[in-house]
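Grab a pencil and work through these exercises with the model open beside you. Try each task before you read its solution.

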Amino acid sequence: MRRKGAGVGAVSKDRLQKAKFEKKGTEIADAQVSQLTTQLEQFKSHLERFAAKHKNDIRKDPEFRNRFQQMCARSGVDPLASSKGFWAELLGVGDFYYELGVQIVEICLATRDRNGGLMSLEELWQRLKKSRRMARNQEVSMEDVTRAIKKLHVLGGGFAIIPVGGRKLVQSVPGELNTDHTRVLQQAEATGHTCLSEIVARLKWEKERAISILDHLVREGMAWVDDQAGEERQYWFPSLVPDLAMASLTSLR
(Lines give C-alpha, C1' and ligand atoms only; values in the text may rest on other atoms or scores of the structure.)
Protein backbone atom coordinates (compact mmCIF):
# COMPACT_ATOMS: atom_id res chain seq x y z
CA MET A 1 0.00 0.00 0.00
CA ARG A 2 2.82 2.44 0.78
CA ARG A 3 4.45 1.67 -2.54
CA LYS A 4 1.16 2.39 -4.33
CA GLY A 5 0.68 5.63 -2.38
CA ALA A 6 4.19 6.76 -3.25
CA GLY A 7 3.51 6.00 -6.91
CA VAL A 8 0.38 8.19 -6.98
CA GLY A 9 2.28 11.02 -5.33
CA ALA A 10 5.06 10.75 -7.85
CA VAL A 11 2.58 10.86 -10.73
CA SER A 12 0.92 13.97 -9.27
CA LYS A 13 4.30 15.60 -8.83
CA ASP A 14 5.26 14.78 -12.44
CA ARG A 15 1.99 16.28 -13.73
CA LEU A 16 2.55 19.43 -11.71
CA GLN A 17 6.08 19.71 -13.00
CA LYS A 18 4.89 19.15 -16.57
CA ALA A 19 2.23 21.84 -16.18
CA LYS A 20 4.88 24.29 -14.93
CA PHE A 21 7.11 23.50 -17.91
CA GLU A 22 4.21 23.98 -20.34
CA LYS A 23 3.30 27.31 -18.75
CA LYS A 24 6.90 28.45 -18.91
CA GLY A 25 7.15 27.31 -22.52
CA THR A 26 4.03 29.30 -23.41
CA GLU A 27 5.45 32.38 -21.69
CA ILE A 28 8.71 32.06 -23.63
CA ALA A 29 6.86 31.56 -26.91
CA ASP A 30 4.65 34.60 -26.26
CA ALA A 31 7.71 36.66 -25.43
CA GLN A 32 9.44 35.57 -28.64
CA VAL A 33 6.37 36.39 -30.75
CA SER A 34 6.13 39.79 -29.07
CA GLN A 35 9.81 40.42 -29.71
CA LEU A 36 9.55 39.38 -33.36
CA THR A 37 6.47 41.57 -33.83
CA THR A 38 8.34 44.54 -32.38
CA GLN A 39 11.35 43.86 -34.61
CA LEU A 40 9.09 43.59 -37.66
CA GLU A 41 7.37 46.88 -36.87
CA GLN A 42 10.77 48.52 -36.40
CA PHE A 43 11.94 47.10 -39.72
CA LYS A 44 8.82 48.40 -41.49
CA SER A 45 9.40 51.79 -39.91
CA HIS A 46 13.00 51.78 -41.19
CA LEU A 47 11.71 50.68 -44.58
CA GLU A 48 9.31 53.61 -44.70
CA ARG A 49 12.07 56.06 -43.85
CA PHE A 50 14.32 54.46 -46.47
CA ALA A 51 11.53 54.76 -49.06
CA ALA A 52 10.90 58.39 -48.22
CA LYS A 53 14.60 59.17 -48.56
CA HIS A 54 15.07 57.33 -51.86
CA LYS A 55 11.64 57.76 -53.45
CA ASN A 56 13.03 59.44 -56.57
CA ASP A 57 15.44 56.54 -57.15
CA ILE A 58 12.62 54.04 -56.62
CA ARG A 59 10.46 55.80 -59.18
CA LYS A 60 13.11 56.33 -61.85
CA ASP A 61 15.67 53.53 -61.50
CA PRO A 62 14.32 50.04 -62.48
CA GLU A 63 17.17 48.15 -60.77
CA PHE A 64 16.82 50.15 -57.56
CA ARG A 65 13.02 49.65 -57.69
CA ASN A 66 13.47 45.88 -58.06
CA ARG A 67 15.79 45.71 -55.01
CA PHE A 68 13.32 47.78 -53.01
CA GLN A 69 10.53 45.34 -53.96
CA GLN A 70 12.69 42.46 -52.71
CA MET A 71 13.24 44.26 -49.39
CA CYS A 72 9.49 44.77 -49.07
CA ALA A 73 8.77 41.11 -49.80
CA ARG A 74 11.08 40.00 -46.99
CA SER A 75 9.13 42.09 -44.50
CA GLY A 76 5.70 41.09 -45.77
CA VAL A 77 4.96 44.54 -47.24
CA ASP A 78 3.32 44.79 -50.66
CA PRO A 79 3.50 48.35 -52.04
CA LEU A 80 1.43 47.20 -55.02
CA ALA A 81 -1.48 45.85 -53.02
CA SER A 82 -3.46 49.04 -53.42
CA SER A 83 -3.32 52.33 -55.28
CA LYS A 84 -4.27 54.05 -52.03
CA GLY A 85 -2.57 54.35 -48.68
CA PHE A 86 0.88 55.19 -47.39
CA TRP A 87 2.98 53.55 -50.11
CA ALA A 88 0.95 54.95 -52.99
CA GLU A 89 0.99 58.45 -51.52
CA LEU A 90 4.71 58.30 -50.76
CA LEU A 91 6.04 56.58 -53.87
CA GLY A 92 3.26 56.51 -56.42
CA VAL A 93 4.13 52.85 -57.06
CA GLY A 94 0.48 51.88 -57.11
CA ASP A 95 -0.12 54.38 -59.90
CA PHE A 96 3.10 53.32 -61.63
CA TYR A 97 2.06 49.68 -61.96
CA TYR A 98 -1.55 50.61 -62.70
CA GLU A 99 -0.40 52.75 -65.64
CA LEU A 100 2.03 50.06 -66.74
CA GLY A 101 -0.77 47.48 -66.64
CA VAL A 102 -2.98 49.71 -68.79
CA GLN A 103 -0.17 50.07 -71.34
CA ILE A 104 0.36 46.30 -71.40
CA VAL A 105 -3.34 45.76 -72.12
CA GLU A 106 -3.25 48.39 -74.89
CA ILE A 107 -0.21 46.81 -76.58
CA CYS A 108 -1.65 43.30 -76.35
CA LEU A 109 -4.96 44.44 -77.83
CA ALA A 110 -3.23 46.36 -80.62
CA THR A 111 -1.14 43.31 -81.63
CA ARG A 112 -3.74 40.60 -81.03
CA ASP A 113 -4.81 40.57 -84.68
CA ARG A 114 -1.23 39.64 -85.59
CA ASN A 115 -0.29 37.21 -82.83
CA GLY A 116 -3.61 35.86 -81.55
CA GLY A 117 -2.95 37.09 -78.03
CA LEU A 118 0.44 35.43 -77.63
CA MET A 119 3.54 37.64 -77.48
CA SER A 120 7.06 37.10 -76.24
CA LEU A 121 7.80 38.85 -72.96
CA GLU A 122 10.90 40.33 -74.58
CA GLU A 123 8.87 41.93 -77.40
CA LEU A 124 6.34 43.35 -74.94
CA TRP A 125 9.15 44.78 -72.82
CA GLN A 126 10.82 46.42 -75.83
CA ARG A 127 7.53 47.97 -76.95
CA LEU A 128 6.87 49.29 -73.44
CA LYS A 129 10.35 50.77 -73.12
CA LYS A 130 9.98 52.56 -76.42
CA SER A 131 6.55 54.00 -75.65
CA ARG A 132 7.47 55.09 -72.12
CA ARG A 133 10.70 56.77 -73.23
CA MET A 134 8.77 58.72 -75.84
CA ALA A 135 5.99 59.67 -73.41
CA ARG A 136 7.82 60.54 -70.19
CA ASN A 137 11.45 59.45 -70.42
CA GLN A 138 10.83 56.78 -67.77
CA GLU A 139 12.65 53.44 -67.77
CA VAL A 140 10.88 50.17 -67.10
CA SER A 141 12.53 46.82 -66.31
CA MET A 142 11.58 43.25 -67.17
CA GLU A 143 10.77 42.74 -63.48
CA ASP A 144 8.36 45.69 -63.61
CA VAL A 145 6.56 44.14 -66.58
CA THR A 146 6.38 40.75 -64.87
CA ARG A 147 4.89 42.26 -61.69
CA ALA A 148 2.33 44.24 -63.66
CA ILE A 149 1.23 41.11 -65.58
CA LYS A 150 0.86 39.18 -62.32
CA LYS A 151 -1.46 41.93 -61.07
CA LEU A 152 -3.46 41.70 -64.30
CA HIS A 153 -3.64 37.91 -63.89
CA VAL A 154 -5.31 38.33 -60.50
CA LEU A 155 -7.96 40.53 -62.12
CA GLY A 156 -8.73 37.88 -64.74
CA GLY A 157 -9.04 38.47 -68.47
CA GLY A 158 -6.60 35.79 -69.55
CA PHE A 159 -3.27 37.50 -68.77
CA ALA A 160 -0.51 35.07 -67.85
CA ILE A 161 3.18 34.36 -68.43
CA ILE A 162 3.88 30.99 -70.05
CA PRO A 163 7.38 29.43 -70.08
CA VAL A 164 8.17 27.92 -73.49
CA GLY A 165 11.61 26.36 -73.71
CA GLY A 166 14.16 29.10 -73.13
CA ARG A 167 11.79 32.03 -73.39
CA LYS A 168 8.60 33.37 -71.83
CA LEU A 169 5.39 34.24 -73.65
CA VAL A 170 2.63 36.57 -72.51
CA GLN A 171 -0.88 35.26 -73.06
CA SER A 172 -3.55 37.95 -73.19
CA VAL A 173 -6.65 35.98 -74.13
CA PRO A 174 -8.95 33.90 -71.88
CA GLY A 175 -8.41 30.16 -71.82
CA GLU A 176 -5.40 28.23 -70.59
CA LEU A 177 -2.91 26.60 -72.91
CA ASN A 178 -2.55 22.95 -71.94
CA THR A 179 0.59 20.81 -72.04
CA ASP A 180 0.03 19.75 -75.65
CA HIS A 181 -0.19 23.37 -76.82
CA THR A 182 3.01 24.23 -74.96
CA ARG A 183 4.90 21.25 -76.40
CA VAL A 184 3.99 22.31 -79.94
CA LEU A 185 5.23 25.83 -79.19
CA GLN A 186 8.47 24.35 -77.87
CA GLN A 187 8.93 22.44 -81.14
CA ALA A 188 8.61 25.70 -83.08
CA GLU A 189 10.72 27.79 -80.70
CA ALA A 190 14.01 27.64 -82.61
CA THR A 191 12.70 28.62 -86.06
CA GLY A 192 9.27 30.07 -85.35
CA HIS A 193 7.49 27.40 -87.38
CA THR A 194 6.76 23.69 -87.52
CA CYS A 195 4.73 21.17 -89.53
CA LEU A 196 2.50 18.17 -88.91
CA SER A 197 5.05 15.47 -89.78
CA GLU A 198 7.68 17.09 -87.54
CA ILE A 199 5.33 17.12 -84.54
CA VAL A 200 4.23 13.53 -85.10
CA ALA A 201 7.82 12.32 -85.43
CA ARG A 202 9.40 14.27 -82.58
CA LEU A 203 6.59 14.05 -80.06
CA LYS A 204 5.56 10.53 -81.12
CA TRP A 205 1.90 11.57 -81.30
CA GLU A 206 -0.93 10.15 -83.31
CA LYS A 207 -1.65 12.25 -86.37
CA GLU A 208 -5.16 13.14 -85.16
CA ARG A 209 -3.82 14.50 -81.89
CA ALA A 210 -1.34 16.78 -83.64
CA ILE A 211 -3.98 18.04 -86.10
CA SER A 212 -6.36 18.84 -83.25
CA ILE A 213 -3.77 20.97 -81.43
CA LEU A 214 -2.60 22.77 -84.57
CA ASP A 215 -6.18 23.50 -85.64
CA HIS A 216 -6.90 24.98 -82.21
CA LEU A 217 -3.84 27.25 -82.35
CA VAL A 218 -4.76 28.41 -85.86
CA ARG A 219 -8.37 28.98 -84.87
CA GLU A 220 -7.25 31.12 -81.90
CA GLY A 221 -4.98 33.17 -84.14
CA MET A 222 -1.80 32.04 -82.38
CA ALA A 223 -0.53 30.24 -85.48
CA TRP A 224 -0.57 31.15 -89.17
CA VAL A 225 -0.82 28.69 -92.05
CA ASP A 226 1.62 28.77 -94.95
CA ASP A 227 0.68 26.53 -97.90
CA GLN A 228 3.34 28.04 -100.17
CA ALA A 229 6.41 26.75 -98.35
CA GLY A 230 6.72 23.45 -100.21
CA GLU A 231 5.19 20.02 -100.15
CA GLU A 232 3.87 20.27 -96.59
CA ARG A 233 1.87 22.98 -94.86
CA GLN A 234 3.91 25.04 -92.39
CA TYR A 235 2.56 26.53 -89.17
CA TRP A 236 4.13 29.83 -88.16
CA PHE A 237 3.92 31.35 -84.69
CA PRO A 238 4.25 35.18 -84.70
CA SER A 239 5.22 35.25 -81.03
CA LEU A 240 8.28 33.10 -81.85
CA VAL A 241 9.29 34.55 -85.21
CA PRO A 242 12.49 36.64 -85.21
CA ASP A 243 11.89 40.32 -85.94
CA LEU A 244 13.77 40.21 -89.24
CA ALA A 245 11.41 37.56 -90.61
CA MET A 246 8.23 39.25 -89.43
CA ALA A 247 8.00 41.70 -92.32
CA SER A 248 8.11 38.94 -94.93
CA LEU A 249 5.53 36.91 -93.01
CA THR A 250 2.85 39.60 -93.02
CA SER A 251 2.08 38.70 -96.65
CA LEU A 252 0.92 35.27 -95.55
CA ARG A 253 -2.03 36.66 -93.68
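Two strands pair if DSSP finds at least two bridges between them. Helices (H or I, at least four residues) and strands (E, at least two) are DSSP runs, numbered from the N terminus. You're looking at a predicted model, where local features need pLDDT of at least 70, side-chain atom pairs count only at pLDDT 80 or more, and totals for chains, interfaces and linings use all residues. Residues are numbered from 1 along each chain as its sequence is written, and side-chain values use heavy atoms, with hydrogens and water left out.

**Exercise 1. Work out the strand order of the open sheet and find its edge strands.**

Step 1: Start with one pair. β5 and β6 (residues 234-236) run antiparallel and share three bridges. Here Asp 226 sits opposite Gln 234 of β6.

Step 2: Add the remaining strand. The three strands line up as β4-β6-β5, with antiparallel pairing.

Step 3: Check the edges. β4 and β5 (224-226) each pair on one side only, so they are the edge strands.

Step 4: Look at the twist. On average, neighbouring strands of this sheet are turned by 30° against each other, direction ignored. (Axes are lines fitted to C-alpha atoms, for helices over the stretch in contact, and angles run from 0 to 180 degrees between N-to-C directions.)

Step 5: See what packs on the sheet. α9 touches β4 and β6, and its direction makes about 80° with that of β4. Touching, or contact, means heavy atoms within 4.5 Å.

**Exercise 2. Describe how α8 packs against α10.**

Step 1: Find the geometry. The axes of α8 (residues 179-188) and α10 (residues 207-219) come within 10 Å and cross at roughly 85°.

Step 2: Name the arrangement. That makes α8 roughly perpendicular to α10. (Angles under 35 degrees count as roughly parallel, over 145 as roughly antiparallel, 65 to 115 as roughly perpendicular and the rest as oblique.)

Step 3: List who meets whom. From α8 come Asp 180, His 181 and Val 184, and they meet Arg 209, Ile 213, Leu 214, His 216 and Leu 217 of α10.

**Exercise 3. Now do the same for α8 and α9.**

Step 1: These two helices pack at about 110°, with axes 11 Å apart.

Step 2: α8 and α9 are therefore roughly perpendicular to each other.

Step 3: On the α8 side, Arg 183, Val 184 and Gln 187 make the contact, and they meet Glu 198, Ile 199, Arg 202 and Leu 203 of α9.

**Exercise 4. Is α8 enclosed, and how does its N-terminal end look: which residue caps it?**

Step 1: Count buried residues (buried means under 20% relative accessible area, exposed over 50%, partly exposed in between, with a 1.4 Å probe and protein chains only). Seven of the ten residues of α8 are buried, so this helix is largely enclosed by the rest of the structure.

Step 2: Pick some out. Among them are Thr 182, Leu 185 and Ala 188.

Step 3: See what surrounds them. The buried residues pack against β1 (118-120), β2 (159-164), β3 (167-172), β4 (193-195), α9 (196-203) and α10.

Step 4: Check the start. Asn 178 caps the N-terminal end, with a side-chain oxygen 3.0 Å from the backbone nitrogen of Asp 180.

**Exercise 5. Are Tyr 98 and Lys 204 buried or exposed?**

Step 1: Tyr 98 belongs to α5 (residues 93-115). With a relative accessible area of 58%, Tyr 98 is exposed.

Step 2: Lys 204 lies in the loop between α9 and α10. Its relative accessibility is 71%, so Lys 204 counts as exposed too.

Technical notes. A polar contact is a pair of N or O atoms within 3.5 Å; within protein, one must be able to donate a hydrogen and the other to accept it, and residues adjacent in sequence count only if both atoms are side-chain atoms.
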